[in-house]
Each structure stands twice: as structure tokens, then as C-alpha cells.
Amino acid sequence: MIGSTYKDEQQERRHTLPLLAKSAGMAGDILVPEETIFGIVSRYHILSGHSSSVDTLLELLSRRGICISSSLPSSLHLIFQHLPLPLQTAEELAERHTPLPYFRAFANPVHYAAIAQSVTMGRACNSKITLGLLASRIGAEDVLRFCPECAKYDREVTGVATWYRVHQLPGVLLCPYHRAPLFENRCLVRRLKRQQLFLPDSTKEDWSKEYNISVIDKRAYEKLFRVALLSAQLFQHRPEPAKANTWRNQYLAHFSERGLLTPALRIRQLQLQSEFVDFWSDLKSLTPFAELLDRCKRDDSWLANLYRRSRSAHHPLMHVLLIGLLADNINSFFIPGEETSKVNIAPCAPRAPEQEHNIASLLAAGLSVRQISKEVGLSINSVLTKAEKIGTVIKRRPKKLNAGVREQVRLALAGGQAIPDIVEATRLSPSTINRILGGDKALQTQRTIALRQQRQTGQKQSVSYNRKFTEIRF
């Protein structure tokens with residue numbers, strides 16, 4: 001366990017996080033530092049004098065019926081060709097003005113290079129899958145956010161407010177430059193203004209009429225600012241091509257420092273999980289942290305996969321949360337001398353009788369097989385085998401999927417039922433359900449239609465409720 005003195009020092013230090021320094025633009029600049037592509041094109045639209053956003057998009061992209069994503073835009077080479085930008089290449093435009101560098105530190109170098117090529121020269125729609133955005137359930141919606149303090153400063157210096165890329169990242173609800181809550185516009189998510197170019201409204205004093213702002217508890221401010229600060233620092237982080245175990249070894253070094261490793265150098269999974277959830281508990285009512293914290297407490301917790309050998313892509317926000325538990329900023333997270341594999345996570349295992357005794361105790365305490373495997377550092381099959389040796393037979397799930405259960409899953413997926421609900425009803429793993437969905441194109445189409453109808457029904461009910469509320473009120 002961590003000593004009280006260490007905890008007190010950590011707590012004191014974590015309430016004095018400094019603001020991030022911001023590079024300011026100047027009047028007449030074509031590019032403002034950290035501005036999004038959507039902001040660049042929207043400012044150009046105002047200066048061009050075009051009566052319609054479609055005309056500006058046609059001029060820059062040579063196509064009608066196209067829109068610019070605020071998250072991962074496409075065809076930057078066309079924008080680079082048509083705008084007199086003070087940059088050398090379109091790749092430099094992607095590096096300085098898109099969220100792409102936010103993912104670089106955690107992505108496979110080969111995959112990252114392919115995604116950068118898609119963003120620069122082609123279409124970036126498939127990049128969200130490669131980066132793990134959809135699998136993470138955090139999503140990649142085009143939510144537009146801005147800081148009122150940044151907007152005020154922009155109007156005074158450059159004459160017009162714009163959009164900044166760090167504000168558009170999932171989980172960033174405070175400005176890392178001013179610690180101010182961000183205003184949010186979800187018109188692009190609702191498929192509104194898809195082909196319109198616009199900036200944060202500088203004519204209205206009351207932004208709340210068009211923009212939403214999250215109601216943030218005072219206790220959550222410091223934690224939200226930590227998330228915003230770490231997210232912004234990832235843009236400034238310029239790692240050399242990292243080895244596969246770089247992040248894993250840094251995590252293990254911090255775990256050792258915090259007393260989260262056993263004498264046999266096994267990770268204390270349940271203790272880490274408990275400390276993680278307690279540290280971020282102030283955010284449990286906010287999106288997207290609520291679902292992340294809930295999923296962290298399950299048997300198939302995503303937290304354990306972050307510090308194992310990389311086999312799949314994880315959303316950077318997940319890493320940000322774990323790094324935020326361990327350090328105040330990205331630079332202080334890296335412990336010198338731990339770049340190479342100095343912490344061995346697979347030492348000699350304890351003797352078999354001791355393992356069997358531990359397994360028996362954990363089974364008696366009501367832990368699941370998956371939780372026990374994490375705690376004792378064995379595979380699930382090894383735990384099941386040792387449980388049988390001590391006389392405890394655990395019923396195993398059949399390897400072959402029953403035809404009736406498969407049909408039940410298909411009907412639930414086609415009807416638009418949420419995957420966690422299907423998991424609870426069928427007792428199958430999420431990977432099994434996603435495998436059934438991924439292997440049937442017709443089923444994917446049916447599910448897409450069902451989900452769209454559900455969203456439309458929800459929107460209609462919301463509009464109907466608002467109308468009734470207005471009639472009652474007035």
C-alpha cells in the first residue's frame with residue numbers, strides 16, 4: 001500500500017496544475033496555431049465573400065455535396081493547393097491542424113503512416129476503425145466545442161473567433177489554456193449544417209441559446225482539467241518510433257513505485273482497478289467517463305489491456321486516464337532509464353500448492369475465473385485446471401454456439417438492441433456477438449436501419465415533448 005505521506009504529497013501537487021501556454025495568432029494570419037481545418041476553411045469562407053458555403057467548398061475541394069469533418073478531415077492536399085498557406089507540404093498541415101498527432105504515440109507506426117496518407121491524399125472515413133475509435137465506444141462524433149475566453153481573445157487579436165483542435169477531443173470539457181468550461185454545438189452530429197461553414201458566434205452575448213454547456217460539479221474541475229492538459233500535451237509530444245513495450249514498461253515502473261506489484265512482480269489487478277475508479281470517481285456522471293468507469297469494473301476490463309503487450313488499438317483517452325492517475329503531465333510520466341524492458345512481468349510462478357490455495361481462497365470469496373486469473377497471473381484455462389485439482393468444478397461455456405442462441409443474437413442485433421444488453425441476456429462475450437455481426441453484411445444493414453429508426457423516433461419524441469412543455473408554459 002502507498003504510505004500516507006506519499007499520498008498527501010501527491011494530493012497537494014495535483015491541485016496546482018498550471019495552465020498550458022497558448023500560441024497566439026495575429027491579425028491577418030491565414031493560419032492560427034492549433035486551429036482546426038474546419039476553422040481554417042470557415043474563416044476563409046468569411047473572407048472570400050461567397051454567398052454560400054457550397055461555393056467555398058466547390059472552390060477548395062472541386063466537388064459539390066461534400067462536407068469537412070471537424071475530427072478527421074479528408075483531401076487536405078486540395079485545400080493545400082488552393083489556399084496560400086505558409087506551410088511546405090500537406091503533411092505539415094495535417095500535423096499542425098488535425099487531431100491526428102493525438103493518436104501517434106499509441107498507434108502502430110505502419111498504421112499511423114497509412115492513416116496520415118488517407119487524411120492527406122484521400123478519404124479518412126475508414127481511419128476511425130483503424131484507430132480503434134468505434135471499438136472503444138468513445139466514438140468519433142463531430143462535436144464542435146469552443147472556449148469563451150479563447151473566443152474573446154481571438155476577436156480582440158485576429159478579429160474573429162475560431163475552432164481549436166484540442167477542444168474537439170473526446171473527454172475535453174475544460175479549456176487547457178483558461179480552465180474555462182467549453183460550449184458545445186452538436187448540429188453536425190444531428191446531421192444539421194453538414195455543408196455549412198461557420199465559426200463560434202461572435203454576435204450573441206448569450207451563447208447558451210445555441211450552444212450547450214455541461215453542468216460540472218466543482219469537485220470534477222481539477223480532474224477534467226487534468227484530462228484536458230494531458231490531451232493537449234499529446235499534440236506536443238514528439239516521440240521517436242517507439243518500441244512495442246515502451247508504454248507498458250513505463251506503466252510497470254510506476255506500478256512498482258506505487259506498490260502495485262507483488263513480490264513476484266505480478267500486478268495487483270484489483271487494487272489498481274480500485275485506485276483508478278476512486279481517483280476518477282468525480283467524473284462518473286459525465287460523458288464519456290461514465291461508461292469507461294463502468295466498463296473498467298467488469299471482468300473484461302479494458303484497463304488491464306493497456307499495460308499488456310499491444311495487440312489492438314486503444315483510444316488515447318484511455319491512456320490519458322491511466323497516465324493521469326500516475327503523473328501530472330506527459331513529461332513527468334516518463335521515468336528515465338525505463339525505455340527498455342527492465343521490469344519483467346512474467347517471472348517464475350509461485351509453487352503449485354501455493355497457487356491452488358490462493359485460487360481456492362479467491363473462489364470462496366466469490367471472484368470470477370477471469371478476476372482470479374488476473375490476480376494470480378495465470379491464464380483462465382490454468383485456473384480452471386487447478387480448480388478441478390482441488391475439487392472445485394467450474395461449469396465451462398460450450399465452444400460451439402447453439403443455433404437457437406445464435407438466432408436470438410441475430411434477432412437482437414437486427415432489432416437495434418445494445419450489445420451490452422445482448423451480452424447480459426445471452427451470457428456470451430462481446431467479441432462473440434461482434435463476430436456474428438461482422439460476418440453478415442445483411443445483418444449489418446438491418447442493424448444500421450434499426451438504429452437510425454430508433455434515433456429518429458427519439459428525436460421526434462424529444463421535439464414533441466418540447467412543444468408540449470412550451471404550450472403548458474406559455
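Phe146 and Trp163 are both buried, where buried stands for under 20% relative accessible area, exposed for over 50% and partly exposed for the range in between, with a 1.4 Å probe and protein chains only. The model is a predicted one, in which local features need pLDDT of at least 70 and side-chain atom pairs pLDDT 80 or more, while totals for chains, interfaces and linings use all residues. Residues are numbered from 1 along each chain as its sequence is written, and side-chain values use heavy atoms, without hydrogens and water.

Aromatic pairs number 14; rings of Phe, Tyr and Trp (its six-membered ring) pair if their centres lie within 6.5 Å, and planes under 30 degrees apart count as stacked, over 60 as edge-to-face and the rest as tilted. One pair joins Phe38 and Phe198: the ring centres are 5.5 Å apart and the planes stand at 80°, so this pair is edge-to-face. Phe38 sits in helix H2 (residues 37-48) and Phe198 in the loop between strand E2 (183-185) and strand E3 (212-213), so the pair ties together parts 160 residues apart in sequence. Helices (H or I, at least four residues) and strands (E, at least two) are DSSP runs numbered from the N terminus. Both Phe38 and Phe198 are buried. For Phe146 and Trp163 the centres are 6.1 Å apart and the planes are at 80°, so that pair is edge-to-face. An aromatic cluster is formed by Phe106, Trp247, Tyr251, Phe255, Phe333 and Phe334.

Phe255 also appears in the largest nonpolar core, of 100 residues, where Phe255, Phe276 and Leu322 touch the most other members. Such a core is a set of buried Ala, Val, Leu, Ile, Met, Phe, Trp, Tyr and Cys residues joined through side-chain atoms within 4.5 Å. Helix H10 (residues 218-236) supplies the largest share of this core, 10 residues. Apart from this core lies another, of 11 residues, including Leu413, Ile422, Val423 and Leu443.

The cavities come last. A cavity is a set of points, on a 1 Å grid over the protein atoms alone, where a 1.4 Å probe fits but cannot get out, and lining residues have an atom within 4 Å of a point. Grid points are joined across faces, edges and corners, and a volume is the space filled by probe spheres set on the points. There are two cavities of 30 Å³ or more, and the largest has a volume of about 80 Å³. Its lining includes Gln269, Arg298, Tyr307 and Lys374, and H12 gives the largest share, four residues.

Key. 1 Å grid on protein atoms, 1.4 Å probe; cavity = no way out; pocket = protein on both sides within 12 Å on 5 of 7 lines; lining within 4 Å.
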